[in-house]
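Visitor: Before any questions, please put the sequence and the model on the screen.

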Amino acid sequence: MDSSELYHIKQQFVLGAYKTLTQLTLPDPSSPDYTSTLLYKARAYIALHDAKSALQLMPEDTEDVSLKSAASLARYVAAADATEKEAALEELRDLSVEIEGDESEGSEREKAAVRVLAGTAFVQAGEIEEALETLGTDTEDLEAVALIVQIYLSINRPDLAKKQFDRSKRWAEDDLLLQLIESTIGLVTGKDGYSNTSSFYTEQLGNPSLSSPHLLTARGVTRILRNEITEAKSDLEESLQQQKGNSEAEAAYVVAAGLGATKPLEAEELWTRFAAEHPTHPLVENVNQKAAAFDEFAAKFTVPPLATASA
Amino acid sequence: MSVMLTKFESKSNRVKGLAFHPTQPLLAAALHNGSVQLWNYRMGVLVDRFEEHEGPVRGVAIHPSRALLVTGGDDYKIKVWDLRPQNRRCLFTLSGHLDYVRTVQFHHEMPWILSCSDDQTIRIWNSTSRQCIAVLTGHSHYVMSAQFHPKEDLVVSASMDQTVRVWDISGLRKGSPNASGSGGPGGSGPGNFETFDTFSTVKYVLEGHDRGVNYAMFHPTLPLIISAADDRVIKIWRMSETKAWEVDSCRGHFNNVSSALFHPKHELIVSCGEDKTVRVWDLAKRTAIQTFRREQDRFWVLAAHPNLNLFAAGHDSGLIVFKLERERPAFSVHQDTLYYVRDKYVRAYDFNNGSDIGLLSVRKFGSPYVPPRTLSFNPAERGVILTISSDNGIFELTKLPEQAQGEVKDSSVDGKKGSGQSAIFVARNRFAVLNKTTQLIEVRDLSNSVVKSIKPPVQTNELFYGGTACLILSSTTSVVLYDIQQQKTIAEINSPPVKYVVWSGDGALVALMSKHTITIANKNFSTHSLIHETIRIKSGAWDDSGVFIYSTLNHVKYCLSQGDHGVICTLDNPVYLTRVKGKTVYCLDRSARPRTITFDPTEYRFKLALLKNNYEEMLYIIRTSTLLGQSIIAYLQQKGFPEIALHFVQDTNTRFELAIECGNLDVAMETAKTINRPECWSRLAQQALKQGNHKIVEKAYQQTKNFDKLSFLYLATGSTDKLSKMQKIAEARGDPMSRFHNSLYAGDVEGRISVLRDVGLHPLAYLTAKTNGLDDLAAEILEAAGLSEADIDDVPTFGASSLKPPPIITPTADLIWPSVSTGENFFDRALASGSLEGGVEPAYVNGDATAAGAHHALDAWAREEEIHDEIDPEEGGWELDADGAEFEAAVEGEEAAVVEEEDTELGAGATPGINETELWVRNSPLAADHVAAGSFDTAMQLLNRQLGIVNLALLKPLFLSIYRSSHTYLSPVASLPPLMLHVRRNPTESSPSRILPVAARSLQSIRSELAEGYRFVSGNKLADAQTTFRSVLQALLLVVLSSDDEAKQWRETVTNAREYLLGVSIELERRRVAEEEPENVQRNLELAAYFTQCRLQAAHLQIALRSAISAFAKANNQAHAARFARRLLELNPDPKIVAQARQRIAAGERNPRNAIEISYDEFTPFEICAATYTPIYKGSPSVHCPFTDASYLPQYKGNLDPLAQLAEIGAAASGLPAPW
């Protein structure tokens, strides 16, 4: 059983209150929560794409596999080129193998953390299968399940995601993370008009123990999906006030703008700015790819000469 | 009562108590051996047994609304049981009686249990508090039965003391003293009796029986009591508010009467006794109607079902469940009317409007207790023939009145009767009557005189209509089709006794129904198929498309003419189908009330379409329903349609199997690549070899590294270059055998020798060299082997070898064996994205009229598109490579199919599913939706095909912004790449086959942009206006329409934008002319005049006219200026403008001439060529822009339209589809 502090930290992490987590003061190193807290803090940094700070947090000489893997993940995220990335991945692979051995040290919790962190890196590297293998689709670690579910959803297998969720329901009781998983599945399948997802985020926004702009963004996105564009716009604006330049919220805002939340011209401006500021965001990458495809396809049509009076 | 139909019988120990379940087909039986059985009498199975009583159990009852059972036994105990299947157990026991408990009963609304006992008391228990709340004393002998009144607070009891007593228990309801606790819970002590008596009193004591009374009960509605006693008499008593008296007795039993019941619905009494009989009596006349005898067993107990026509009787060795009359109503369907008999009235029910009227009373026909058995209707004379089984079988022929009169006619007025077991109309004015005992069929005319007698060729039990001038005769082992005219058998089919016959609507097929079989035959019985059912078949009706829908005891099923059958839905109670129309089954329920059942005919429609090769319909079904899954794939495969099944399967393994089975090598190849297992490749190679497609064989061999076969294949196809490559490969692999083979195949002697040398077979190498005339080489080998010519003296010399590979006559390396072109598979074509032509429902013969009507509204658009496809097939070719393989997901729809196969490999091997964008593409024929899905190529094709758009580059920003706005990203889990979420326009829809992308631009927003353009026009910002109108037209290309109404608006908006764009362009041209060629006044004036001909709004038209007026006035074309001024006045402009206009008109009248001649004839309607800005007068040839419909001079056909700059002028286009 987690201590209440740790529970709270976990809750914040699950609901995406990363900023709050990074400002956390670590407990005494002798405290049993020390490692876990440190881990979550580091992961929060990583989630905010601030891998450097995460690395600074990491003790150099730790034997703890979970911290080691967090450091590796941070290195992976921070890596500038492919070789560095590959090196970090290798570290994680080694760690994953290490925890599988019988004589390996480390508690179950540490092992689970290693799997989740390694899985995260694998997914980022596009190694879906490896990630699934590492996480183990029969795992009883809810964080791993959350990862697996998102992986399945990303490859358009909501059926498998649903299956994981149903399986987890049996042992995970009504964990917050489980609710998040359910809401995530709802986000993709759109069951019952996204009602479950929408109420989940609304409920968590009312959660007094934390505030997270991520939740606002998520609800904004849900509202976009529910075609409630004006409401979505206000959510996203609020979210952007709390965290300027957050790519997730901005991306959603661009979409909302394109769907009529703002004037077409304004939407176009927003988009141009967003595309310039976040060239690696999947939205931008996708659109750019499509733009290239457009030219290619359009070229297949021969445009006859314009009919003019002189012709 | 001529029939007592036994439904169910069981053998057991003596049955002393019986109780029906009010809703389920369950019957509880209390046995003398202490067991309580629970039977499902419909299925004939023992559901459960309750064995806690010690000694015989006599009393049993089931709660009328809750799942409770109460029993009372000789162990003095009353036990209450939970009846729910999962926890059948004894809930509690009520103790208090001091002797055998005889009967028990639940109260219909209070939580009371009534019991009576040999201890001479009747007790009432509260089943909630589990306390005895009343003890009724007064009987001076065993109390044999006690029953609550169905409505009032009364109890009737029967006792061995020869009395029947009625007790008033209204005091109990007002508040039991026991409940307050003062009386002492569980007051079982004799001392407590007085307290109880204060609120329950004997109301009447009925004396009259000479022996002990076994049973007494109240009439369900009338103030009557019936009692059964050991004096062999059943007595009927009547009671009023103040007294009760004996009314009559029924005598006939010749031993103790154990029980007597009022029939719950009819005026009948049912009794049973130790004389081994069950008897039925007329309540009004008190006469015996029917006796049912049993040889061995004395009857002990009777029970009636509370709602149905069902009874149960317990005897010495078991129980029987029976009904007293046939429930099957007599009916006949003619066109949209059902003629049927209910409660001895012939009624007509109109299927269309549901009107249901009584037309004819047949109360006096046959026994009043027996309903007519069959009804035959003759539309020509509105005649009906009814038969009834009473009186040994009689029939009656009557005419139905034209419509219902105030007083319903009775058939006895003019009915013509006769005896006969079966009677049916065989022609307009003839009917046939069967006399079973004499085996004679008489054909009679409408005056009931015999015109012909027929001796049937087989022992006939029943007659049916057999088509024109024919009869169907049913015998015990066969059915005979018999020609009345020729008096001869046409055909005979062996079959169990046929009970009902149903002809299909067109008279082409007939269903012959027996108890457990249905024979479907054509009209001359030359072909037929048989269906077996394990459960009783009740009725059937033909669907208009030739599918037979039938009902069994508990299902509605369908069967196709070739014998395929399956379940449509489950029934709680049997129904009698009368007619099937579309998705509705019309039927009569067991009390002969018309009902309808709606069902989903998709499955059988699909199978039927398959049988008839009606692919359009199959496709339509696939697209519009979610039915299809694994079962349908299995069905298709089993029925030998693997190529169709292929379109529905997603699982690669199954796809591979199917592709191999139907020889679709492309698909097989593709799936083999994904599966990539050696056995797959080798099977593929085998199949490809059979079909002569050696290229695929080659690939497959390559995949499995089957070098030997590969080499041989190259030899066979004569591809020498590849053989030499194989040689190199063999060398690289270090496989001398393979090298040898390859060099042999390739005719490469040197190569062969070198292999032989390499492996040290010098003698062979030497000889090979020698025989091929390579003497130098031979010498070299010899030397290498350390030998000289001398050493091999003894080797005989061989002649030169003629061994060489066969010469290639026709190189086939690049040819594959031709196979019959499968052409474009229908599915491939139809499934290619978007071109499903908006799912036009095929004219399904059985389609209900309303649906068809709705689809008419699908207007010409959809159909246009279809036609277009036919005339221009190659244009559809652009998307045919968009494989059919993609299709299956839409079919599989729900996850079920995937889930099943994925069970085993939930794990790492998860293959990606179908992207939602693919579903969007599949689900919509609209370009906008394809754009949103990112499928730009198909979107472009659609625009091109639907609206002739060619200049797509202009649309790029629009495409990208729509695509961008249709997807949003979110990562709920830390540090993972965000999920791409797809924004739908119907967020309440989550079925994969119906989801569609969000509509990024609404028609509304475009119309407001158009209004913006109008403002530019008013503000004289013509260049801006031109841009705006162009942008409006662009946006209109990618708007999502969802109704005819919107489609109309859309067209309107396009037209408006086009007119304005044209007008603005003309005006801009005029200004250009004025500036650049000021001397060209004529052109200037012409353009000004044309501008006024554009269909603009009044306000803008005024501007056009005013500018024309001033231009013309300036050029001194006063007459024209005056004309424009007149037109201006018609628009009711501002007073100031009116004044100016009048001046202009006056000027025109003063000087009615034009200085400059211009090409402008305002009196002939004309269109303006949007390229040259010259008029195209009505009747002159013109071409049009496929999108905006702007007109052009014919020479511009094939050019880009200059207005919107989007479409090719005069290109063929199908218009927008209407998918809603």
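**Interface, fold and salt bridges**

Visitor: How many salt bridges are counted between chain B and chain A?

Guide: This is a predicted model, in which local features need pLDDT of at least 70, side-chain atom pairs count only at pLDDT 80 or more, and totals for chains, interfaces and linings use all residues; side-chain values use heavy atoms, with hydrogens and water left out. Residues are numbered from 1 along each chain as its sequence is written, and chains are lettered from A and ligands numbered from 1 in the order in which they are written. A salt bridge is a side-chain nitrogen of Lys or Arg within 4 Å of a carboxyl oxygen of Asp or Glu. Between chain B and chain A, the count is two.

Visitor: Which residue of chain B forms a salt bridge with Glu268(A)?

Guide: The closest N and O atoms of this pair are 3.4 Å apart. The partner of Glu268(A) is Arg964(B).

Visitor: Which element gives the most residues to the side of chain B that touches chain A?

Guide: Helices (H or I, at least four residues) and strands (E, at least two) are DSSP runs, numbered from the N terminus. Those of chain B that give two or more residues to this side are helices H21 (896-902), H24 (936-947) and H25 (956-965) and strands E57 (967-970) and E58 (979-982). The most, seven residues, comes from H25(B).

Visitor: What area is buried between chain B and chain A?

Guide: Contact means heavy atoms within 4.5 Å, and 69 residues of chain B are in contact with 74 residues of chain A. Buried area is the accessible area (1.4 Å probe) that two parts lose on being put together, summed over both. Carbon and sulfur atoms give 66% of it, and the value is about 6200 Å².

Visitor: What percentage of the residues of chain B count as buried?

Guide: Chain B has 32 helices and 62 strands. Buried means under 20% relative accessible area, exposed over 50%, and partly exposed in between (1.4 Å probe, protein chains only). Of the 1220 residues of chain B, the buried part is 56%.

Visitor: How many residues of helix H22 of chain B are buried?

Guide: H22(B) spans residues 916-923 and is mostly covered. Its buried residues include Glu916(B), Trp920(B) and Arg922(B). Of its eight residues, the number buried is seven.

Visitor: How many residues apart in sequence are the parts that Arg14(B) and Asp316(B) tie together?

Guide: These two residues form a salt bridge, the closest N and O atoms being 3.1 Å apart. Arg14(B) lies in the loop between strands E1 (5-11) and E2 (15-20) of chain B, and Asp316(B) in the loop between strands E27 (311-315) and E28 (318-323) of chain B, so the distance in sequence, in residues, is 302.

Visitor: Is Asp316(B) buried or exposed?

Guide: Its partner Arg14(B) is partly exposed, at 23% relative accessible area. Asp316(B) has a relative accessible area of 19%, so this residue is buried.

Visitor: Which residue forms a salt bridge with Glu462(B)?

Guide: The closest N and O atoms are 2.9 Å apart. Glu462(B) lies in strand E42 (residues 462-465) of chain B and the partner in the loop between strands E32 (356-361) and E33 (374-378) of chain B, so the pair ties together parts 89 residues apart in sequence. Glu462(B) counts as buried, at 11% relative accessibility. The partner, buried at 17% relative accessibility, is Arg373(B).
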